[in-house]
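Work through the exercises below with the structure in view. Try each task before reading its solution.

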Amino acid sequence: MSLPEVEKLLEKASGKPRVDLLNELAALVVKSDRNRGEKISSEALELAETSGYRRGRATALFGLGDAARTCGEYHAALEYYATALNAFQELGDSIQRGRCFRRLGDVHFFVNNFNLSLKYYLKALRIFEKEAERNGSPYIRINLGHLMATIGNVLKESGDLENSLDYYSWCHAIYVREHFMAGIPGILYNKGNILHSQGRMEESLSVYKQVLEKAEASGDSYLASMVQSSLGSVYMAKNEFNQAEEHFRRSMSISEKLGRKRGILSAAVKLIELGRLQGSLEEALEQSERAEQLARQLDDRKSYSSIMKEKALIYRSREEYEKALEASLIFQKLREELLSEKRVRELDILRVRYETEAKERKIEQLGRERTIQRRMIAGAMVGLAFAGISLVLAYRNVRFRTRVNRELTDAYSRVEKLSQSDALTGLANRRAMMKSLAAEKSRSSRTGSGFGLIMADIDDFKQVNDRYGHACGDEILLEVSKRLEKALRKQDITSRWGGEEFLLLLPDTSLHSAVEVAEKTRILIEDTPFRWNNVSIRLTMTFGVSEGGRISVDDTIQQADAALYQGKRDGKNRVDFQ
C-alpha cells in the first residue's frame, strides 16, 4: 500500500490490525524521516506488547533497528535486530530471520567488520535460497538479488574487484528477470564504483550521472547523496576542484536533511582531502576534528583511517613533523587492520565455503535430474538409443563432478590451512601448536635432545580493555604477537594459546637457553611502550618456562603453566621456570 492509503486506514484501526499498519507505515517513512519512523515503531512495539501480539512485536523491533541503523546508532541497531531475530526464530518465520541476518550484516559492514558482515549475509543467502526452491516467489528472488549485491560490496571493500563484479552481475540479472526496476540504479552505482576503483574515470562519470538522474526522478535521496559524493571524487581526481566541492556539499546537505550521519562523514572526509589539495590547510584541519569525532561515534575505522592519512599530509605541509608522524602511525595501523592479508583470506574462505556448498547442492540436483531423465527415457526409448543417451549423460556428469571435486579439494585445503591459524593474530592456534608439540616430542625421543617451552601472559590485560576498549586490546595482541615472533628464531613456533596467553615452542633448546630467550623477550615488551591513538601504554608480561623431551607433552605444558602462575604470584613481570 502507498503511504496515504496506510495513513487513512490507521485512522479507524485498533488492536492487531493497527500494529500491522503502524509497522508498515514505519517501513515506508524511516528512510526519509528517521525520527518519525522510530516514533511509529515504538508505538507499534508498545501496542504489540500490551496485546500480546508476538509477530507485531518482532516486526516493530526490526523497525526500531532500521531507525537506529539509518542514523548511525549501530550498537542499538545490533541489539534491536538480534532481539527481532530471536523473536522470529520463536515464530518459525525463516524469511524474516533471513531479513534480520541481512540487516546484521549491513551494520557490521558499516563499521568495517567485513568478516562478520559476510557471515551474516551468507546465512541470509542460504535461507532465501531454500525458500526460493520451495516457492520461488518474486519477493524471495528479489531478496536473493539484494544479498548478491551486499556480498559484492564486501568483496569490493576487501579489494576483490573481479568477484565483486560477478555478484553485482548476478544481482542485476535477478532484478531484470523479476522486473525490479527500483533496484537497477543501485547496482549501476556499484558498477560505477568498480570502474572508479580501476581508474576508469570517464566511464564511471557516465555511470554516476545516469544513476543520479534515476535517483532524483524516483525521489531516492539516500542513493542521490551517495552518487553526489562519488561524482565529487571523480572530479577531484580530475583536478576539477570547484565541481568536486559542489558535489560534496550537495551530498552533505542531502545527508543532513535525512539525518544520515554516515553520509555526512563521507562528505566531510572528502572535503578534508579537497581542502588539503587546494591549500586550505587550516580549514581542512578544522573539518578533520569534526569528522574525527563523528567517525569515533559511528565506530567507522575506515573513515577514521582516511582522516588520519589526511591529517598526516596536512601536518607535513605545515612542517609539523611530530604531529605528522603520530597521525601517520595511526593511519598505518588502521590500514593494516582493515586491509591485512589475513582479513582478506578470512573473507575469501567464507565465500569459498558458500560457493562450494552451492556446487555440492548442484551435484545433488544433477543426480535427481538424472534419475528423472532415466525414468522418462526408459518410458520413451529402448535399446541402443537409450544406451547412447545414458552414456552422454554419464559422461557429462563425470566431467562436472571432476571439475567440482577439484574445486572442492582446493577449497577444503584452504579451509584446513586457515583452521590452524588464530583469527586475530594470524599465529598458530592451540590445535596447530599441539600438532607441532607432538612432532617435536617424537623428534626428541629419536635424538635424545630436549626442547624449550615458554608460557607467556600479558599482565593486567583486562585493565587495558576496560580503560581503552577492546579495539585497543586487539591492537595490542597483534603487536605483542609481532614482538614475540621477532624475539625468536625462524624454527621456533609462536602460538596464541588463549585470550592474552601465548605458548612458544623452541626446538632443540635447553631449559637454560629457553629462560634466556624468555628474559630477553620480557625486556623487549617492558622497554617499548605500545601506542594507541595518541596514548602511550606500558605493559609487562610474565613468563613460565619448562623443558620437554623426557616427559609427556601434557606434563611439559603443565610445568610451564605452573611456572607462569608462580611468577604471577611473585609480583608479575618476571621469568620463572620448573
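**Exercise 1.** Find which residues touch the most other members of the largest nonpolar core.

*Solution.* Start with the set itself. In this predicted model, the largest nonpolar core holds 102 residues. Next, look for its best-connected members. They are L125, I151, V211, V227, L265 and I307. Then ask which helix gives the most to this core. Helix α8, residues 138-157, does, with nine residues. Now zoom in on V211. Leaving out residues up to four places away in sequence, V211 touches P185, L188, Y189, L223 and V227. Finally, look elsewhere. Another core, of 29 residues, lies apart from the largest one. Its members include I458, V517, A518 and W532.

**Exercise 2.** Describe the protein chain as a whole: its secondary structure, its buried share and its exposed area.

*Solution.* Count the elements: 24 helices and seven strands. Turn to burial. The chain has 578 residues, and 49% of them count as buried, that is, under 20% relative accessible area. Then take the surface. About 28700 Å² is exposed, and carbon and sulfur atoms supply 51% of that area. Last, check the contacts between residues at least 6 apart in sequence. Of these, 61% join residues at least 24 apart.

**Exercise 3.** Decide where pLDDT stays under 50.

*Solution.* Begin with the average: the protein chain has a pLDDT of 83. At least 70 is reached by 85% of the residues. Now find the weak stretches. Residues 380-394 stay under 50. Residues 411-416 also stay under 50. For each stretch the model has 10 contacts beyond four places in sequence. Where pLDDT is low, predicted coordinates should not be read in detail.

Key. Residues are numbered from 1 along each chain as its sequence is written. This is a predicted model: local features need pLDDT of at least 70, side-chain atom pairs count only at pLDDT 80 or more; totals for chains, interfaces and linings use all residues. Side-chain values use heavy atoms; hydrogens and water are left out. pLDDT is the predictor's confidence in each residue, from 0 to 100. Contact means heavy atoms within 4.5 Å. A nonpolar core is a set of buried Ala, Val, Leu, Ile, Met, Phe, Trp, Tyr and Cys residues joined through side-chain atoms within 4.5 Å. Buried means under 20% relative accessible area, exposed over 50%, partly exposed in between (1.4 Å probe, protein chains only). Helices (H or I, at least four residues) and strands (E, at least two) are DSSP runs, numbered from the N terminus. Accessible areas come from the Shrake-Rupley method with a 1.4 Å probe; for residues, only the protein chains shown count as cover.
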